[in-house]
Amino acid sequence: MLVKGRLLPLLVWVAGLLILWEGLSWALLNVAHAPLAQSKLPYVHEVVSTLFQYGGTLLKEGAATFGNAAIGFLLGAAAGVLLAVLMSVSKTIEQLTFPYAVASQMIPILGLAPIIYGIVRDEQVSRIIISGYITFFPVALNMLRGLRSVDLSALELMHSYAAKPWAVYWKLRLPAAVPGLFSGLKIAAPLAVTGAILVELMGAQHGIGVIMLRNLYYGPSHTYMFWSTILVGAFLGMASYGLMSLIERLVAPWQPEFRPKGGSR
Amino acid sequence: MEGNTASEVSFVSPHGQEGGTRPTAGAEAKPAPASAPASSNKPRRRSRTAPVLRILLPVLAGVLFLALWELQVFHKIFDLKKYQLPLPSAIWEAMGDNMSLLLSYTGYTLSEAVLGMLAGSLLGFIIALVATAWPRWGGGSLTLVAALNAVPIVALAPIMNLWFGDGLGSRIAIVTATTMAAMAINAYKGMAAIDPLALDLMHSYAAPKSAVFRHLRIKSSLPYVFTALKINATASMIGAIVGEFFFSSRGLGYLLSNSIKVAKMPLGWSCIVLAAIAGVVFYLVVERLEKVFIRWHPSRRA
Amino acid sequence: MSLIATRVPEIQLENVEMRYQTDTAEVLALHQVSLDIAKGEFVSLLGPSGCGKTTLLRLMADLIEPTGGRVTVAGKSAKEARLAQKYGIVFQSPVLYDWRKVKDNITLPLELMGVKKARRDEKALELLELVGLKGFADKYPWQLSGGMQQRVAIARALSMEPEILLMDEPFSALDEFTRERLNEELLAVWSKVGSTVVFVTHSVPESIFLSDRVFVLSPHPGRLSAIVDIPLPRPRTAEMRNSPEFFDLIAGIRDSFEGV
Amino acid sequence: MSLIATRVPEIQLENVEMRYQTDTAEVLALHQVSLDIAKGEFVSLLGPSGCGKTTLLRLMADLIEPTGGRVTVAGKSAKEARLAQKYGIVFQSPVLYDWRKVKDNITLPLELMGVKKARRDEKALELLELVGLKGFADKYPWQLSGGMQQRVAIARALSMEPEILLMDEPFSALDEFTRERLNEELLAVWSKVGSTVVFVTHSVPESIFLSDRVFVLSPHPGRLSAIVDIPLPRPRTAEMRNSPEFFDLIAGIRDSFEGV
Amino acid sequence: ACGGNNNGNSASASEPAASSGSGTAASAAPAASEAPAGDPVPVKLQLKWVPQAQFAGYYVALKKGYYKDEGLDVSILPGGPDIVPEQQVAGGSADIGVDWVASLLTSQEQGMPLIQIAQIYQKSGLVLVSKKSANINSPADLKGKRVGNWMGGNEFELLALFDKYKLDSNKDIKFTKQGFTMDQFLGGELDAASAMTYNEYQVVLESGIKPEELNVIDMNDEGVAMLEDNLFANSEWLEANKETAAKFVRASLKGWQDAIANPSEAVDIVMEQAESGSTTKDHQLKMMEEVAKLIKPEGFDLSKLGYTDDAAFKQTADIAKKFGVIKEEPDLTKAYTNEIMDMASKK
Ligand SMILES: Nc1ncnc2c1ncn2[C@@H]1O[C@H](COP(=O)(O)OP(=O)(O)OP(=O)(O)O)[C@@H](O)[C@H]1O
Ligand SMILES: Nc1ncnc2c1ncn2[C@@H]1O[C@H](COP(=O)(O)OP(=O)(O)OP(=O)(O)O)[C@@H](O)[C@H]1O
Ligand SMILES: Cc1ncc(C[n+]2csc(CCO)c2C)c(N)n1
Ligand SMILES: [Mg+2]
Ligand SMILES: [Mg+2]
């Protein structure tokens, strides 16, 4: 029932979008006569048929990417939470680390990769670190906001019990930050897929990113395959987002948005 | 910074901000009993010293960091080579040699980032509005932007290049695409996670949807929106830079990738340094705006 | 006054039932409640904690929909009445918007109705004076004490001079003196505006002092257990509180209570 | 009983002053308040809305620090007392944690003190019964009515059997019957545990029924205007509420009030 | 049988500089030295770009067991847009790399411990393609045109070309960054685009444009060609692993010879590396054909394959110096060595 209620609109959205896409693609090709029309926006049916034609490969590579993304995501999310907790513990730590955390986000993988590799000297590990690096920031910021915006009287209650700092975190700040954490995770999860794909471009043998790049490089005859990989990537993003939403419902069911409406409007 | 068991006490006042009410117990420096009569001017004194520390501390840490870096301490610890991580002095020199070029490229990249970020955040916000106003049918759009978020820049770049050419436009489009999701997801959360009674109040006035959004939903989503803006401020810079890797003939990203590929690491790193400075400034501007816009937030009281 | 009630039913509940669905169980909060409230009438709801008073109020205001039975307001559905902006509500907790100053919280409903700023500010000052908060116009809600916040909420509900005023324990956070003063002010406003008032309270004397009729609810499941007419003349005066009639009424209601 | 107060001052305030600093102005919430409360004593704070009762309570609990004067608890600073986990507090609003079920909210302080789960659950059931919420253990706070939430908060404060119990209008959201029953339960618990209780209320009869002494505060700026000894014997019984002595005390306190 | 003894053994053991210099090199060295006969020595090869027929020789050698026969356990690391082989090899993620000579020179100048050990491609595969409609019949016609290149070390031949025709790349030409697709060219954003004969040029043809419709400027014809795909090693690693390097080169050359002799078989082997759907056999066959022309130009003696030609290398270095690619005249003795080739061809 719940699934039906949520899934149907999504399906309609996806279907609507695909129809629009097909229409635009047709118009681009036959009305506007745009150069490289099919590279700009290929026919959906062509892409989908490629998707099925190479379903096996795409599935395999998609799974590889998803696995990499999951590892990077877990690492990044953990790092983000840790950083947020540290910064919320002490204003000084925040002032010390924050500008640098922001600055660190400006280092592209191209500059980062040699350093990371130079430090850990293991390809697999450095890839994981890099994909974690891509995902930690949204988690950290959202978590920090959650930790910070705890209701004052709820804090005073803890204070009145002279609760130890860890208890304040464990029993109050962390649960109160869970909604924020999840919006961070929902941003980070698809981002982890992006991260995994980027990391795959650094000499990996497998993954959606690898096929994506090669198809681009080998030219327009592979347009449909390239777009298929995009669809797979997008699908992985949707799946990871959906997974996070599901987990949120299970882990933090107390939130107002999840309360049964009880006939209310 | 009076003697104060910060660890036990620091959790009461979540933010040592200026403004708001002062005398909540906790992390704030407690007036020593002897100074009780003079204590009323205590807060003022602290708020004057705080900003100085706020700037001084990270700067000091930065200087220390730079010194360790220059003295190759990191290189020794991690067994790094100068061609993996050039020294600050070399970066500084490269920066000096190419200053005007670097500055104009910084401006170029920053404008891509800012424009794209504004467009992406606006679109994301609109999506959140739609998803909140019509949850059943609008909710799907959130999942779709999340999907967009999973398409890497490597793939976006050629598409956007085809659509918008190799100029400013294609990077703005890339940045727009990469910043939309964070705003949509966060703003949606902010607009949905509302005290049910506050909503009931609006319903009792039969306030139209637009008014509910204007007076309640948008206001209470602001902390979430600003978090998204902060995420996007950084994401947009890196998005513009990486976007420039592939098709641009200008900008920090172009210069960076070129320099690193021809082993001019110091020049490459001066691009990174400028990008970092621009990114941090952009971030700080957003943070400043946040302070102006949400003075009332619980985290800013006490 | 109760005669009016039979003549023009402003709020009418017929066999209203309210079940709350939770993950684990179902709570029957109201069972078979039928009542009529006349236009311009002042009624109170009395009953032990958790018996369904707030639920009843929310049903009348169309904030929740009954799982059974019907709520009619002025011959139409509660929803239509709500859409016609007939309601002013004071919730059990103040529900002030953090980002609005006191005066802006008070004038929120006026703003929604498109009243001009100058007029709104004027009204705010007038109401602040009424609830004894002169000088607090420019404070933020969290700078007020609990009772002061509640008074802001009362002022907000009065600001729009609603046709139907629903008040959920509005005075419970107030001291006796403020409370009694506000009782009188409320009656004064009421007699001027002519609203229909439904007033939830735990104080028997208060319900008697204010109301035309008192509805007594009993719990498990919440239902209407008694309706008591209050034949005291209007305008009510402070002295009435000490009249033997008043004490008889108190005793009467207490009995109907204890019978539960 | 007030004799005790002079013997062992458990809570001592000397010339306490509290100013709230806001962006625009400064509010003098308490001015030169000095008082002693004996160990094991039950005192009430009475006073009009906004006079500083909550502020005073928060000062005693070291939730805020006075801008002048000194707060001493058992000879040490309020902070030390707080760190020694002496306090149980009931705030003016329930302050329940949304993500905890009712029983977990009640046992929060026990959890913090490291009490075992089995023991906690047992205690929770006992307290739920005491406050009349049997069967609500597994509900979330938002599934309760306002009064029920407040009772959960009371149960939570009692669960830890604190040495010092600070209660800010704990019963104001309750109907008279529940309230009177809880008055008696509170006294029973108190006589068993021997806590020192500071109780904020707006109800003069309640303050008399419960307390050894009543502190009357007056506003603008908040200060102590009267201390009234309540010479009623312990244990207090329901009948005492109707005794002439009781009415005299009410009148006396009302007078000290009106003199403000 | 082969590689029983390793000359480098004693050297590596007594050379702390080598081990501290580069972690992987260090870890590879002991593995090499302590490896009992027959236990394969691990070698990592970093490619410049994605797996394709451009690198067929290595894949053939791997597939056919030539490396294994030499007692090597070779892993081939694909490249990509974010990978700089010189960085990888200098940093120790790989032992041997493939890149263009000009890129190697720039990296050497920055102090990376790299040395070229073999030159595989004898000719430049870089061309400038333009549609006939753009009227670029000679390089001089490039004036005022939009010319694309991938930059980042791939542009030096073009700079030399412009210079030869007295064109200022900042003023006379709109010298533009080209992506790794040919879309800009096909979509008309570029008048002349860089292309490798073996890939991008084929991409253009595959898009439906006929060779007759195109003008092609060949760097070799213009005398501005630079050396391209080579093999280079981490010099610290090499010091301790000369024998291993020689074995690697020997096996690789064998692979290349097979690939050139039997392109179809080579492409089949390459296709195993390319995920199905990412490229086609036809495209790779075409690439193999073109690559063969670069490795074995007409009249080239295949037995010389792998040797670095002093004159050609010098021309490359001179061009690099002239266009500021490198600031100093490189020390050619440190830039490349034929010693490994000598060792490789001995057996
Ligand atoms: N955080 C604050 N910032 C500024 N002023 C405050 C703050 N808290 C309380 N005040 C002011 O201090 C005064 C006393 O407030 P307090 O909450 O102590 O009153 P109270 O006696 O508990 O009233 P009530 O019975 O209404 O709860 C009030 O005038 C209030 O406006
Ligand atoms: N959202 C909800 N979900 C589930 N049960 C609810 C919900 N709201 C109220 N209830 C239940 O309905 C019953 C009536 O609640 P209601 O709030 O109407 O009581 P009340 O008479 O207003 O009590 P009080 O005087 O304590 O405010 C209670 O048993 C309560 O637990
Ligand atoms: C970013 C980028 N850089 C270079 C090339 C071109 N390219 C790919 S493989 C190859 C030959 C190298 O041996 C060349 C020149 C590209 N397409 N994209
Ligand atoms: Mg209620
Ligand atoms: Mg109070």
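**Two ligand sites and two helix crossings**

Let's start with ligand 1. It has 22 residues around it, and S145(C), G147(C), K53(D), T54(D) and T55(D) come nearest. Keep in mind that this is a predicted model.

Where does ligand 1 lie? Between chains B, C and D.

Now the polar contacts of ligand 1. I'll walk along chain D. At G52(D), a polar backbone atom is 2.8 Å from an oxygen atom of the ligand. At K53(D), the backbone again takes part: one of its N or O atoms lies 2.7 Å from an oxygen atom of ligand 1. At T54(D), the side chain does the work. An N or O atom there is 2.5 Å from a ligand 1 oxygen.

How much of ligand 1 does the protein cover? On its own, ligand 1 has 630 Å² of accessible area, and 93% of that is covered by the protein. Two helices stand out in the shell. Helix α7 of chain C, residues 146-159, and helix α2 of chain D, residues 53-60, are the elements that give two or more residues to it. By type, the shell residues split into 13 polar, seven nonpolar and two charged.

On to ligand 2. This one lies between chains C and D. A total of 21 residues surround it, and the closest are K53(C), T54(C), T55(C), S145(D) and G147(D).

Which polar contacts can you look up on the screen for ligand 2? Take T55(C), where a side-chain N or O atom is 2.4 Å from an oxygen atom of the ligand. Then Q92(C): its side chain has an N or O atom 2.8 Å from a ligand 2 oxygen. On the chain D side there is G146(D), with a polar backbone atom 3.5 Å from an oxygen of ligand 2.

Coverage next. Ligand 2 alone has 640 Å² of accessible area, and the protein covers 91% of it. Which helices feed this shell? Helix α2 of chain C, residues 53-60, and helix α7 of chain D, residues 146-159, each supply at least two residues. The shell around ligand 2 divides into twelve polar, seven nonpolar and two charged residues.

That's the ligands. Now helix packing, beginning in chain A.

Look at helix α3, residues 44-53, and helix α11, residues 223-251, both of chain A. They pack at an angle of about 80°, and their axes are 8 Å apart. So α3(A) and α11(A) are roughly perpendicular to each other. Who makes the contact? From α3(A), we have E46(A), V47(A), T50(A) and L51(A). From α11(A), the partners are Y224(A), M225(A), W227(A), S228(A), L231(A) and V232(A). Seven of these contact residues are nonpolar, two are polar and one is charged.

Last stop, chain E. Here helix α4, residues 56-63, packs with helix α14, residues 263-273. The angle is about 90°, and the axes are 9 Å apart. Therefore α4(E) is roughly perpendicular to α14(E).

Which residues meet at this crossing? On the α4(E) side, A56(E), Y59(E), V60(E) and K63(E). On the α14(E) side, A266(E), I269(E), V270(E), E272(E) and Q273(E). Sorted by type, the contact has six nonpolar residues, one polar and two charged.

To recap the places to look. Ligand 1 lies between chains B, C and D. Ligand 2 lies between chains C and D. For helix packing, go to α3(A) with α11(A), and to α4(E) with α14(E).

Definitions and conventions:
Residues are numbered from 1 along each chain as its sequence is written. Chains are lettered from A and ligands numbered from 1 in the order in which they are written. This is a predicted model: local features need pLDDT of at least 70, side-chain atom pairs count only at pLDDT 80 or more; totals for chains, interfaces and linings use all residues. Side-chain values use heavy atoms; hydrogens and water are left out. Axes are lines fitted to C-alpha atoms, for helices over the stretch in contact, and angles run from 0 to 180 degrees between N-to-C directions. Helices (H or I, at least four residues) and strands (E, at least two) are DSSP runs, numbered from the N terminus. Angles under 35 degrees count as roughly parallel, over 145 as roughly antiparallel, 65 to 115 as roughly perpendicular and the rest as oblique. Contact means heavy atoms within 4.5 Å. Ala, Val, Leu, Ile, Met, Phe, Trp, Tyr, Cys and Pro count as nonpolar, Asp, Glu, Lys and Arg as charged, and the others, Gly among them, as polar. A residue is near a molecule or strand if one of its heavy atoms lies within 4 Å of it. A polar contact is a pair of N or O atoms within 3.5 Å; within protein, one must be able to donate a hydrogen and the other to accept it, and residues adjacent in sequence count only if both atoms are side-chain atoms. Accessible areas come from the Shrake-Rupley method with a 1.4 Å probe; for residues, only the protein chains shown count as cover.
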